[in-house]
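Q: Got a minute to go through this one with me? Let me pull it up.
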Amino acid sequence: MRNKTSIMVLLGGLVLGGNAWAQGAPAATPAMLANACAGCHGTNGVSVGPSSPTIAGISTEYFVTVMTAYKKAEWPSTIMTRIAKGYSDDEIKAMAEFFAKQKYVAAPNQKADAAKAKAGEKLHKEFCDKCHEKGGASSDDGGILAGQWMPYLTFALEDYESGKRPQPPKMKKEFDVVVQNHKKEGLEALVHFYGSAK
Amino acid sequence: MFTVNRRDFLKLTGGAAVVGSVVGMPSIARGAGQKVVVVGGGPGGATAAKYLRMANPNLDVTLIEAGQKYVCCFLSNEVLSGERTLESLQVGFDGLKKHGVKVVIDSVVGIDAAAKKVTTKGGQSFDYDRCIVSPGVDFKWDAIPGYTEADSETVTHAWKAGPQTTTLQKQVHAMKDGGTVVIVAPANPFRCPPGPYERASQIAMYLKKNKPKSKVVILDAKDDFAKKGLFIQAWTKLYGYGTPESMIRWVSAADGGKVEKIDVKTLTCSGPTEDFKADVLNVIPAQKAGHIAQVAGLVDEKGWCPVNKKTFESTKHPNIHVIGDASDAATMPKSAYSANSQAKVAAAAIVDLLAGKTPSTPSYVNTCYSIVGHDYGFSVAGVYKLDEAKNSIVSVEGSGGLTPMDTAPENLKREVTYAHSWFDNIISDGWM
């Protein structure tokens with residue numbers, strides 16, 4: 001009976017480990033990998049702020065895109081490139097699938113200015129909503145903007161504006177118009193619009 | 001519902017033969033009645049208790065902590081400069097209760113590994129199937145002649161946040177302009193390796209604004225320290241380091257910084273080549289695993305707890321897992337984030353072990369921020385994996401490391417906001 005148990009455990013390891021098992025140690029589970037992020041990004045990826053973004057509920061595609069960009073140092077960061085370099089492509093995918101399944105929770109009690117949020121809503125509808133659908137609440141190719149932490153959004157927009165963070169061509173076209181016509185106030189208005197979402 | 005514990009269950013149903021069936025049981029009964037007792041409510045213990053219940057809500061998890069509230073050490077240096085209140089470092093245990101953790105406020109006085117029983121000062125006892133010990137650090141009071149535990153009421157260590165943090169803050173704020181704050185930094189290994197140097201920076205930030213003729217002197221038992229290049233660069237930019245007017249002076253062991261004797265009456269530290277007279281003296285003693293780990297026989301000759309790095313199970317006593325500062329988890333530093341990460345690895349391993357499964361492959365992370373001036377912060381990060389053959393935690397090649405030298409000011413400013421996010425999230429992740 002004891003042998004039977006060992007075999008069951010061994011088989012379990014083989015099934016769970018997949019290809020990685022053949023290379024040595026079995027792969028860490030998605031939860032094991034993802035839980036290590038929670039000290040900065042919150043339990044199950046729901047950040048309590050103020051500037052680490054919530055990563056719960058974002059699409060697997062966006063998570064993989066972002067982590068890969070950090071890993072290759074193609075996106076600017078303070079700490080994320082150092083962390084992303086610690087994970088294989090398979091591990092990044094496993095974490096992506098874990099976080100995609102988690103429930104997104106909008107940042108509570110952010111101080112969004114109502115007038116700025118209204119101006120931001122107008123800009124969003126004109127320039128952003130084609131891709132960042134549902135007022136920025138969807139996450140297909142992009143991150144969830146609605147209810148995201150405002151300091152994080154500010155950093156991201158600063159990095160787009162300075163050119164440090166690359167944009168897809170379609171986004172750059174719209175973004176450049178916003179900056180040209182509405183200056184910093186336009187970007188700030190967008191931050192307040194997204195930050196005002198519940 | 002099962003109300004019997006696993007051992008009783010095995011007895012009732014004929015012993016080990018049933019283990020295979022336990023693995024295959026529906027999840028509602030998985031682990032029912034199995035008991036885990038967590039000793040210590042800091043970032044290690046609290047996080048472990050929460051993640052045990054998240055992974056298996058059938059586990060009976062009891063956390064025992066001496067204080068009604070835990071006072072976080074991390075970011076407590078901000079209290080010294082006046083940037084943060086001590087209250088903001090306090091966290092209670094109601095959040096853990098919402099996760100179904102039974103919280104007991106009492107001091108653990110004994111852990112009987114043979115009987116699998118924890119006893120408390122209040123006369124309570126708790127049986128366990130698995131025990132997690134996360135007691136933090138204790139001090140080596142005999143390390144420097146002339147300095148005793150009783151002295152620390154006035155000549156503080158302030159290396160466990162609480163009343164001593166307030167005492168040190170008041171002493172610095174009451175000091176005359178032109179005074180000298182002396183910080184005695186310990187030998188490795190110790191809790192929060194960059195902490196003494198962040199402390200010097202936070203005090204200097206306060207002095208620069210309020211008492212600009214004053215100095216901070218660090219007397220060190222070492223010739224090197226965590227994030228040294230970044231600290232020196234920051235001190236040079238902010239506090240005149242390297243000039244005769246420098247607000248901060250660091251005296252390495254090689255330069256005579258290793259204190260051999262302390263006179264607490266005159267606040268004088270004697271080194272091999274020089275005596276240092278302080279107006280405010282802060283002594284961070286050398287450290288070892290927390291008291292209960294010593295009492296329970298979990299430590300080695302160096303004073304730390306050797307563990308299996310995959311599960312954090314003690315190599316001294318089975319069924320007891322030691323996490324956080326008390327464990328010998330090198331190469332991870334003794335930090336709150338390490339404790340948080342190790343808590344999750346240990347919790348996952350315990351859930352597997354109690355279900356009769358082989359523990360899964362661990363993955364560990366450390367991140368740690370230092371705030372050294374207004375809008376000036378930097379960090380260290382590490383992603384780690386297990387080398388099972390060597391029972392060693394190793395850094396994943398190419399990952400981790402420090403904020404680069406000469407980082408642009410806007411990024412140093414961002415690191416401060418990320419440090420504060422780190423603080424809010426690690427508390428939420430551990431206790432809420």
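Q: How do helix α3 and helix α10 of chain B pack?
A: Helix α3 (residues 43-55) and helix α10 (residues 336-354) of chain B pack at about 35°, with axes 8 Å apart. Helices here are DSSP runs (H or I, at least four residues) numbered from the N terminus, and axes are lines fitted to C-alpha atoms over the stretch in contact, with angles from 0 to 180 degrees between N-to-C directions. By the way, this is a predicted model: local features need pLDDT of at least 70, side-chain atom pairs count only at pLDDT 80 or more, and totals for chains, interfaces and linings use all residues. Residues are numbered from 1 along each chain as its sequence is written, with chains lettered from A and ligands numbered from 1 in the order in which they are written.

Q: Which residues of α3(B) meet α10(B)?
A: Among them are B:Y51 and B:L52, and the α10(B) side includes B:I350 and B:V351. This contact divides into 13 nonpolar, four polar and one charged; Ala, Val, Leu, Ile, Met, Phe, Trp, Tyr, Cys and Pro count as nonpolar, Asp, Glu, Lys and Arg as charged, and the others, Gly among them, as polar.

Q: Switching to chain A, at what angle do α4 and α6 cross?
A: Roughly 140°, with the axes of α4(A) and α6(A) coming within 8 Å. They are therefore oblique (not under 35, over 145 or 65 to 115 degrees).

Q: And between the chains, how many residues are in contact?
A: 38 of chain A with 44 of chain B, contact being C-beta atoms, placed from the backbone, within 7 Å. The largest share of chain A's side, seven residues, comes from α1(A).

How values were computed: Helices (H or I, at least four residues) and strands (E, at least two) are DSSP runs, numbered from the N terminus. Two residues are in contact if their C-beta atoms, placed from the backbone, lie within 7 Å.
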